[in-house]
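Please open the model in your viewer and have the selection tool ready. We will walk along one helix and look at what packs against it.

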Amino acid sequence: MRASAFLYPWDVVGDPAAAGRLVDLGVRQVTLAAAYHSTRALTPRHPRHRVVTAEYAAVLYPPDERRWSGRELRPHPAGSWALGDAYGEAAEALARAGLDVHSWVVLAHNSRLGAEHPGTSVVNAYGDRYPWAPCVARPEVRSHLVSLAAEAAVRPGARGTELESCGWYGLAHLHAHDKTSGVGLDDTAQYLMSLCFCAVCRSGYAQEGLDDEQLAAGVRAALEPVWRGAPTTGPAGETLLEATVGHRAAVARTFQEEVVGAVRAAAGPEFRVLLHADPGVHRCGANAGVDPAAVFALADGVVAPCPNGRTDALGAFAPHAARTGGVLAANLTVVSGLGGTPHTLAEDADRAAAAGATELRLYHAGLASDEDLAAVRKSGALT
């Protein structure tokens with residue numbers, strides 16, 4: 001089964017052995033970050049460093065000034081963690097080793113954008129802004145992210161792209177010293193805390209026949225038992241989800257159509273476009289919610305989360321992937337320290353294939369320990 005390993009440019013630049021290690025691992029493709037959010041990452045084998053701190057969301061190549069000149073919203077080039085054309089340098093080294101390179105582009109997840117332009121962010125029912133979560137209903141945000149996708153995805157030498165956070169982002173966010181887990185939020189509560197009430201979204205709810213003030217008050221009322229310790233929002237939460245998901249799904253779908261259309265226009269029809277996606281259309285985050293029955297008419301396929309080897313998401317996508325011949329890639333974590341189980345990769349890959357997966361994604365070859373990578377090689381799943 002075709003497999004690709006996720007990688008950052010800083011895993012490769014300055015390490016002459018990096019590309020060969022990937023070849024020895026058994027993969028033939030690398031999904032290489034071209035635009036990425038802020039992070040702090042280990043580099044266990046790099047000859048010059050062990051920790052890379054990416055201080056803000058950035059493009060990992062020099063942005064094209066002709067595209068961005070005069071625009072208020074524009075991408076920032078990376079700082080010391082990925083100077084110059086780090087993506088291009090890493091991509092060339094990987095290609096010389098015989099690896100196919102596909103770009104990895106993070107879209108609606110950008111804390112610096114929200115810090116510098118607060119009006120672009122999701123606003124919850126309490127009036128709190130989420131600076132890491134650009135509101136994809138806002139025209140200026142959509143225009144910016146569509147342009148970013150067209151530039152960051154279609155890097156020289158890339159044969160395709162994988163688009164992460166291509167839809168709504170919400171409350172869930174691995175923030176520095178995060179302190180939001182004191183109250184457990186179920187799926188519906190997470191959704192209600194992720195609903196946006198900026199002016200554009202309020203107008204969108206009104207077009208659906210909803211009173212935005214009553215809606216916000218209803219969300220707060222439904223969440224009140226959760227803050228007191230109740231396990232769920234109850235029927236009120238489900239009712240609010242059903243009332244609002246139409247607007248949210250339509251915004252996400254049209255945004256995804258614009259993004260994929262812009263990438264195809266820049267790259268041509270042979271360029272492969274995959275979305276990191278969740279089959280729950282209401283879901284927010286890195287794996288944005290999509291309609292499983294419609295997404296394969298939009299993109300060439302999806303990369304679906306398989307936490308702990310679970311195949312629930314694959315099962316929802318599988319019949320539609322089979323019907324259209326689309327790609328269904330199972331995203332398996334192979335970093336033990338992140339909860340992955342590289343020693344069960346063969347079993348997880350077999351289970352994913354049985355559930356309809358046509359490809360594998362390994363998260364993340366740069367973060368994994370030597371022991372984790374040895375387990376991946378030993379599994380035989382990539383041969």
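Select H5 (residues 139-153) together with H9: H5 passes H9 in a right-handed crossing, meaning that the near helix is turned clockwise from the far one by less than a right angle. Their axes, lines fitted to C-alpha atoms over the stretch in contact, lie 8 Å apart at an angle of about 35 degrees. Helices here are DSSP runs of H or I with at least four residues, numbered from the N terminus.

Now show side chains. Among those in contact (heavy atoms within 4.5 Å) are Arg142, Leu145 and Val146 of H5, and Phe255, Glu258 and Val259 of H9. By class, the contact of H5 with H9 has 11 nonpolar, 1 polar and 2 charged residues.

A word on the model: it is predicted, with local features needing pLDDT of at least 70 and side-chain atom pairs pLDDT 80 or more, while totals for chains, interfaces and linings use all residues. Residues are numbered from 1 along each chain as its sequence is written, and side-chain values use heavy atoms, without hydrogens and water.

Next, colour H9 alone and centre on Thr244, where H9 has a kink of about 45 degrees; the bend is the angle between axes fitted to the seven residues ending there and the seven starting there. Just after H9 comes Gly268, with a positive phi near 100 degrees.

Last stop: add H6 (residues 187-194), which packs on H9 at about 50 degrees, with the axes 10 Å apart. H6 passes H9 in a left-handed crossing, the anticlockwise case. Thr244 is one of the H9 residues that H6 meets.

Conventions:
Axes fitted to C-alpha atoms, helices over the stretch in contact; angles between N-to-C directions. Helix = DSSP H or I, 4+ residues; strand = E, 2+ residues; numbered from the N terminus. Nonpolar A, V, L, I, M, F, W, Y, C, P; charged D, E, K, R; others polar.
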